[in-house]
Amino acid sequence: LIEEVGRGAMGVVFRARHLDLGRDVAVKLLPPGDGYESILREGRRLAEVEHAGVVQVIDVGAHGTAPFLVMEWLAGFDLRAWLLASRSADSGSPEERLAHFIDRRSSAAAPVRDAAKSYWRFTATALRDVARAVAHAHAHGIAHQDVSPKNVVVTDAGRVSLVDFGLAVFLGGRRGEGDSPHGGTRAYAAPELLTAAGGAAH
């Protein structure tokens, strides 16, 4: 493990080095206990939804009694960071503030730097790519259920990917044991998820 990059109710995400593959990966580690079936379902969901706009799963396993999921490492930033930068109190237009945000990322490649020149064009492109990823997941019978800025990563090469399928459910009667139709980021939740009778967000 190299460093912790995220923490939430479902577990902790680390940046790590896969010694056999010789590449950086993301490792989602759940607390010790009975979470192996949950992490296995998430891994299987990700494996079914193979798409450029969805983070790729590499492995699933357990360290002692702590289950983990190994995924590709997406070097970049989530849309939440991008939105916060565009709304910062610094002077200048949204494009200028975003350009400053990108300039602070020495690893950012030309596609992202070019995108920063037009805030609205980049936003529209990112939303289009997320919509395509969600549609692809739905075509495979899977609803993500927490599509929000913190779960959309823009890589330094300009790729937009949907991450964290921990709350996803199978549609069409394929819901797995232990899946919940609720949870996620309330401000971005589908209305039906916020009602007592709500089911999976389609």
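**How much accessible surface does the chain have, and what share of that surface belongs to carbon and sulfur atoms?** In this predicted model, the accessible surface of the chain comes to about 10700 Å², and carbon and sulfur atoms make up 55% of that area. Of the 202 residues in the chain, 44% count as buried. The fold is built from five helices and 10 strands. Among contacts with a separation of 6 or more, 55% are between residues 24 or more positions apart.

**Figure 1. A look at confidence along the chain.** Before zooming in, it helps to know how sure the predictor is. The mean pLDDT of the chain is 79, and 78% of the residues reach 70 or more. Please read residues 173-182 with care: pLDDT stays under 50 over this stretch. For these residues the model has 30 contacts beyond four places in sequence.

**Figure 2. Helix α5 and its buried side.** Helix α5 covers residues 119-139, which is 21 residues. At 1.5 Å a residue, a helix of this length should span 30 Å, and the end C-alpha atoms of α5 are indeed 30 Å apart, so expectation and model agree. Which residues of α5 are buried? They are Y119, F122, T123, A126, D129, V130, A133, V134 and A137. Because these residues cover an arc of only 135 degrees around the axis, they sit on the same side of α5. On the other side of α5 you will find W120, R121 and A139, which are exposed. Just after α5 comes G141, with a positive phi of about 75 degrees.

**Figure 3. Helix α3, with a buried side of its own.** This close-up shows residues 94-103, which form helix α3. Buried here are R97, L98, F101 and I102. Their arc around the axis is only 140 degrees, and therefore they lie on the same side of α3. Turn to the face away from that buried side, and the exposed residues E96 and D103 come into view.

**Figure 4. D24 and R15, a pair within a network.** The structure holds nine salt bridges, and this view centres on one of them. As a reminder, side chains of opposite charge can pair when their charged atoms come close. Here D24 forms a salt bridge with R15, and the closest N and O atoms are 2.7 Å apart. Is D24 buried or exposed? With a relative accessibility of 17%, D24 counts as buried. Its partner R15 has 25% relative accessibility, so R15 counts as partly exposed.

**Figure 5. E72 and R159, a salt bridge between distant parts of the chain.** The side chains of E72 and R159 meet in a salt bridge, with 2.7 Å from N to O. E72 belongs to strand β5 (residues 66-72), while R159 sits in the loop between β8 (152-155) and β9 (160-162), so that the pair links parts of the chain 87 residues apart. E72 is buried, at 9% relative accessibility. R159, in contrast, is partly exposed, with a relative accessible area of 26%.

**Figure 6. R80 and D78, and the wider network.** In this view the side chains of R80 and D78 form a salt bridge, 4.0 Å from N to O. R80 is partly exposed, having a relative accessible area of 43%. Elsewhere, salt bridges that share partners join E3, R15, R17 and D24 into one network.

**Figure 7. R44 on helix α1.** Where is R44 placed? R44 lies in helix α1, which runs over residues 36-48. At 52% relative accessibility, R44 counts as exposed, because the cut-off is over 50%. The C-alpha atoms of R44 and V57 are separated by 8.4 Å, and these two residues are 13 residues apart along the chain.

**Figure 8. Two loop residues with positive phi.** Q145 has a phi near 75 degrees, a positive value in a residue other than glycine. Q145 sits in the loop between β7 (142-143) and β8, and is buried at 8% relative accessibility. D164 also has a positive phi, near 60 degrees, and is again a residue other than glycine. D164 is found in the loop between β9 and β10 (169-170). With a relative accessibility of 29%, D164 counts as partly exposed.

Notes
Residues numbered from 1 in each chain as written. Predicted model: local features only at pLDDT ≥ 70, side-chain atom pairs only at ≥ 80, totals over all residues. Heavy atoms only, no water. Buried < 20%, exposed > 50% of the residue type's maximum accessible area, 1.4 Å probe, protein only. Helix = DSSP H or I, 4+ residues; strand = E, 2+ residues; numbered from the N terminus. Expected span 1.5 Å × (residues − 1). Arc of directions from axis to C-beta. Contact = heavy atoms within 4.5 Å. Areas by Shrake-Rupley, 256 points an atom, 1.4 Å probe, with all protein chains shown as cover. pLDDT = per-residue confidence, 0-100.
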